[in-house]
Amino acid sequence: MRASGPTEAGAMDGGGDARPWFSFFTTSESGLLSLAPDSERGFGGDLGGLAGADAICTRLARQSNAGDAKTWHAFLSTAGLADDPRVDAIDRVGEGPWFDFNGRLLANDLPGLLSRDDDGRPDGDPELVEMFSDEYGEPIRSGDFDDNHDVLTGSDREGKLFDDGADGKLATCGDWRDATLHGKVSDDTGLGGQIPVGHSWPRTMQSGREWISDHTINGCEPGVDTFGAGAELPSNFSVGGGGGYGAIYCFALGASPP
């Protein structure tokens, strides 16, 4: 059931932002696919550049939160290949604090956002830290068999542009304008791609916990695989190949604490 807050009625009547604290979410599968040109396979790596990715965040936030007028940014790095400047994702989120739709703290500031006890999760509300929420405050993982934690970032574990051994073109899917690129797969396991993804929820208490950059996937093609994908096959060059649907993180600037 989608959550509603005590101020929502006021915002519906023109009273402004129903949740002035709302400043972080992971795009839901249904929300992201509803905006994509291919409603079954999603955007892949072509989000329309940074501006297009920011627009996705803004549209989903305003669909879920009545009266929302905040500036929303996608947590994505770019390499400055064409129309977008080179930028590190961590520089797009402001200074904090950040809260989810339900008012739970993700982190108070940038140091808290980058790590909690060096385990790859932010230093916030324990429930949110272990399971990020979507634009409606719902847990990203809705069932025990969902394998949907991969989130595109183009970033290393510090939130800076990932070194893909070239010019950043692969890591950022051509600055989020190319859904055809393939990374170099190192062996027959399918591991060793060059497009970094973070985890919106950790695989275990000990591993797969990096929210910004946990591993790399093979390609930028559209595709959804949320049914126990695990390690992707060498022939799978979709953004969902390692367990996901091409999700992105969204942060708002200028939010007010609850």
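**Disulfides, core and sheets in a predicted model**

In this predicted model, cysteine 173 and cysteine 220 form a disulfide, with 2.1 Å between their sulfur atoms.

Q: Which parts of the chain does the pair of cysteine 173 and cysteine 220 link, and how many residues apart are they?
A: Cysteine 173 belongs to helix α6 (residues 173–176). Cysteine 220 sits in the loop between β9 (215–217) and β10 (244–247). The pair thus links distant parts of the chain, helix α6 and the β9–β10 loop, 47 residues apart.

Q: What is the handedness of the link of cysteine 173 and cysteine 220?
A: The relevant quantity is the torsion about the S-S bond, which is -90° for this pair. With that value, the link of cysteine 173 and cysteine 220 is left-handed.

Q: Is cysteine 173 buried or exposed, and what is its relative accessibility?
A: Buried means under 20% relative accessible area. Cysteine 173 falls under that cut-off and therefore counts as buried. Its partner cysteine 220 also counts as buried, at 0% relative accessibility. For cysteine 173, the relative accessibility is 0%.

Q: How many disulfides does a search of the whole structure find?
A: One disulfide joins cysteine 173 to cysteine 220. Another joins cysteine 57 to cysteine 250, with an S to S distance of 2.0 Å. With bonded cysteines counted along the chain, the pattern is 1-4, 2-3. The search of the whole structure finds two.

Q: Why does the disulfide of cysteine 57 and cysteine 250 tie together parts far along the sequence, and how many residues apart are they?
A: The torsion about this S-S bond is about -75°, so the disulfide is left-handed. Cysteine 57 lies in helix α3 and cysteine 250 in strand β11 (residues 249–253), so the bond ties together two separate elements. Both cysteine 57 and cysteine 250 are buried. The parts joined are apart in sequence by 193 residues.

Q: Which helix gives the most to the largest nonpolar core?
A: This core has 53 residues, and those with the most contacts inside it are Phe75, Leu113, Ile248 and Phe251. The leading contribution to the core is six residues, from a helix spanning residues 49–64. That helix is α3.

Q: Which residue of strand β7 stands opposite alanine 247?
A: Strand β7 (residues 150–152) pairs with β10 in the parallel sense over two bridges. Alanine 247 lies in β10. The residue that stands opposite it is valine 151.

Q: Which strands stand at the edges of the sheet β9-β8-β7-β10?
A: The sheet is open, has four strands and shows mixed pairing. An edge strand has a single partner, so one side of it is left without a neighbour in the sheet. Neighbouring strands here are turned by 45° against each other on average, direction ignored. The edge strands are β9 and β10.

Q: What is the average twist from one strand to the next in the sheet β1-β11-β2?
A: Three strands form this open sheet, and their pairing is antiparallel. The edge strands β1 (24–26) and β2 (71–74) each pair on one side only. The twist from one strand to the next averages 25°.

Q: At what angle to β2 does α3 run?
A: β2 is joined to β11 by four bridges, and alanine 74 stands opposite cysteine 250 in β11. Helix α3 lies across β1, β2 and β11. Its angle to β2 is about 130°.

Technical notes
Residues numbered from 1 in each chain as written. Predicted model: local features only at pLDDT ≥ 70, side-chain atom pairs only at ≥ 80, totals over all residues. Heavy atoms only, no water. Core = buried A, V, L, I, M, F, W, Y, C linked by side-chain atoms within 4.5 Å. Buried < 20%, exposed > 50% of the residue type's maximum accessible area, 1.4 Å probe, protein only. Disulfide = S-S within 2.5 Å. Pairing = 2+ DSSP bridges. Axes fitted to C-alpha atoms, helices over the stretch in contact; angles between N-to-C directions. Contact = heavy atoms within 4.5 Å.
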